[in-house]
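Reader: I am a first-year student and would like a close look at a single part of this protein. Please take one helix and its surroundings, and explain what can be read from the model.

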Amino acid sequence: MKKKLTLFLLGSLLGLLIYYGHNTLSKHQLKEQFLELIKYLPNCTFYDLNEHMVSIKNLSKQNLVLVYFHPECEHCQYEVEELYKHQHKFLNTQILMISPAPLQHLKKFNHKYDLDSSDNISVLWDKEFKFDTYFGASIFPTVIIYQDTKFVKTYKGEVKIEAIIKHLN
């Protein structure tokens, strides 16, 4: 009886090890495949606050900072305040604040933070909920940095402005 119990426990333990090992390897492989997909800026479109389609690949700036956010997220609000306050440090950089929130919420957010007065910060609407598909982000805020259409860095959660700037210069 003890021998059967021992064999059962060893078999169960071995099964768990194989399962978790395979799961970890699969996640790593998926991450590698995904990083290969975003290695260069994908050809994706979102909508401006007037509901006109905008292709982010056609932007003329050298650097691009994508901020996936929600207007009600406190960390996102802090992030936009800091970006706005330090926008002069983002030379040749376009900052796109992209959100799946309802359009009216985005318009209020845009007005609240006076983003229309900024030359390099724009709010875009992820009307079709495709940001996740393109960039794999599902945490608010997520900051994704591209330099000359090449992927540089992703930050999930709030990030200091200095960290973003470090990757752009």
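**A close look at helix α3**

Author: Among the elements of the protein chain, helix α3 (residues 103-112) has the highest mean pLDDT, 97, while helix α1 (residues 2-37) has the lowest, 59. The model is a predicted one, and the whole chain averages a pLDDT of 85, with 78% of the residues scoring at least 70. Where pLDDT is low, the predicted coordinates should not be read in detail. The part chosen here is α3, the element with the highest mean value.

First, the setting. The protein chain holds five helices and seven strands. Read from the N terminus, their order is α-β-β-β-α-β-α-β-α-β-β-α. Of the 169 residues in the chain, 41% are buried. Among contacts between residues at least 6 apart in sequence, 70% join residues at least 24 apart. The chain exposes about 10,600 Å², and carbon and sulfur atoms supply 57% of that area.

Now the helix itself. Which residues of α3 are buried? They are Leu 103, Leu 106, Phe 109 and Asn 110. Seen down the axis of α3, these buried residues fall within an arc of 120 degrees, so they line one face of the helix. On the other side of α3, the exposed residues are Gln 104, Lys 108, His 111 and Lys 112.

What do the buried residues of α3 pack against? Their partners are α2, β4 and β5. Strand β4 covers residues 93-99 and strand β5 covers 121-125.

Helix α2 (residues 74-85) deserves a few words as one of these partners. This helix has twelve residues and reaches 17 Å from its first C-alpha to its last, close to the 16 Å expected at 1.5 Å a residue. Its buried residues are Cys 76, Gln 77, Glu 79, Val 80, Glu 82 and Leu 83. They pack against α3, and also against β3 (63-68), β4, β5 and α5 (161-166). The contact between the two helices can therefore be described from either side: the buried residues of α2 pack against α3, and the buried residues of α3 pack against α2.

Cys 76 of α2 has a relative accessible area of 0%, so this residue counts as buried. Cys 73 is also buried, because its relative accessibility of 14% is under the 20% cut-off. A search of the whole structure finds zero disulfides.

Next, the end of α3. The helix is followed by Asp 114, which lies in the loop between α3 and β5. Phi of Asp 114 is near 55 degrees, a positive value in a residue other than glycine. Is Asp 114 buried or partly exposed? Its relative accessible area is 39%, so Asp 114 counts as partly exposed.

Asp 148, in the loop between β6 and β7 (150-156), also has a positive phi, near 50 degrees. At 44% relative accessibility, Asp 148 is partly exposed.

One further loop has a feature of its backbone to note. The peptide bond from Phe 140 to Pro 141 is cis, with omega near -15 degrees. Pro 141 is found in the loop between α4 (131-135) and β6 (142-147).

To return to the helix: α3 has one face lined by its buried residues, with exposed residues on the other side, and Asp 114 follows in the loop that leads to β5.

Terms used
Residues numbered from 1 in each chain as written. Predicted model: local features only at pLDDT ≥ 70, side-chain atom pairs only at ≥ 80, totals over all residues. Heavy atoms only, no water. pLDDT = per-residue confidence, 0-100. Helix = DSSP H or I, 4+ residues; strand = E, 2+ residues; numbered from the N terminus. Disulfide = S-S within 2.5 Å. Buried < 20%, exposed > 50% of the residue type's maximum accessible area, 1.4 Å probe, protein only. Expected span 1.5 Å × (residues − 1). Contact = heavy atoms within 4.5 Å. Areas by Shrake-Rupley, 256 points an atom, 1.4 Å probe, with all protein chains shown as cover. Arc of directions from axis to C-beta.
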